[in-house]
Amino acid sequence: MAAKGLIHVYTGDGKGNTTASVGLAVRASGAGKKVVFAQFMKGMPTSEIKQLQTLGITVVKAGTITKFVPYMTDEERAQ
């Protein structure tokens, strides 16, 4: 039987999404699992990316916004 992977998605306004996902990614990597860390709607550089990559975690970024969602105007969120 082929091994199956898991996908975890953290969403919502406010804090905690990245922290929770980084923690799980680090734990999985430490357990010898292959990890792909995907960030959506973070177009600007973030400090956790370099550290994740040093652990051998693949990082994929999607989105081109230049500020975090809580700081967007209604017009920016609609886009």
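In which helix of the protein is confidence lowest, and in which is it highest? In this predicted model, confidence is lowest in helix 3 (residues 74-78), at a mean of 81, and highest in helix 1, at 94. The legends below treat the overall fold and then individual sites.

**Figure 1. Overall fold of the predicted model.** The protein contains three helices and two strands, and from the N terminus on these elements follow the order α-β-α-β-α. The average pLDDT of the protein is 84, and 84% of the residues score at least 70. Where pLDDT is low, the predicted coordinates should not be read in detail. Of the 79 residues, 22% count as buried. The accessible surface comes to about 6500 Å², with 57% of that area belonging to carbon and sulfur atoms. Among contacts between residues at least 6 apart in sequence, 26% join residues at least 24 apart.

**Figure 2. Helix 1 and its buried side.** Helix 1 has 14 residues; from its first C-alpha to its last it reaches 20 Å, close to the 20 Å expected at 1.5 Å a residue. The buried residues of helix 1 are Ser-21, Val-22, Ala-25 and Ser-29. These residues lie on the same side of helix 1 because they cover an arc of only 100° around the axis. An α-helix has 3.6 residues a turn, so residues three or four places apart point the same way. The packing partners of the buried residues of helix 1 are strand 1 (36-40) and helix 2 (48-54). On the face turned away from the buried side, helix 1 carries the exposed residues Thr-19, Arg-27 and Gly-30. Just after helix 1, Gly-32 adopts a positive phi of about 85°.

**Figure 3. Surroundings of Ser-29 in helix 1.** Ser-29 belongs to helix 1, which spans residues 17-30. Its relative accessible area is 18%, and Ser-29 is therefore classed as buried, the cut-off being under 20%. Apart from neighbours within four places in sequence, the residues in contact with Ser-29 are Val-35, Leu-55 and Ile-57.

**Figure 4. Surroundings of Val-26 in helix 1.** Is Val-26, a residue of helix 1, buried or partly exposed? Val-26 has a relative accessible area of 36% and is therefore partly exposed, the class between the limits of 20% and 50%. When neighbours within four places in sequence are set aside, Val-26 is in contact with Leu-52, Leu-55 and Ile-57. The C-alpha atoms of Val-26 and Leu-55 are separated by 7.8 Å, although the two residues stand 29 residues apart along the chain. Leu-55 and Ile-57 also appear among the contacts of Ser-29.

**Figure 5. Gln-39 in strand 1 and its polar contact.** Gln-39 is located in strand 1. With a relative accessibility of 5%, Gln-39 counts as buried. Which side chain forms a polar contact of 3.4 Å with that of Gln-39? The partner is the side chain of Lys-61. Beyond neighbours within four places in sequence, the contacts of Gln-39 comprise Thr-18, Thr-46, Glu-48, Ile-49, Val-60, Lys-61 and Ala-62. Strand 1, where Gln-39 lies, is also one of the elements against which the buried residues of helix 1 pack.

Methods
Residues are numbered from 1 along each chain as its sequence is written. This is a predicted model: local features need pLDDT of at least 70, side-chain atom pairs count only at pLDDT 80 or more; totals for chains, interfaces and linings use all residues. Side-chain values use heavy atoms; hydrogens and water are left out. Helices (H or I, at least four residues) and strands (E, at least two) are DSSP runs, numbered from the N terminus. Buried means under 20% relative accessible area, exposed over 50%, partly exposed in between (1.4 Å probe, protein chains only). Contact means heavy atoms within 4.5 Å. Accessible areas come from the Shrake-Rupley method with a 1.4 Å probe; for residues, only the protein chains shown count as cover. The expected span of a helix is 1.5 Å times one less than its number of residues. The arc is that of the directions from the helix axis to the C-beta atoms. A polar contact is a pair of N or O atoms within 3.5 Å; within protein, one must be able to donate a hydrogen and the other to accept it, and residues adjacent in sequence count only if both atoms are side-chain atoms. pLDDT is the predictor's confidence in each residue, from 0 to 100.
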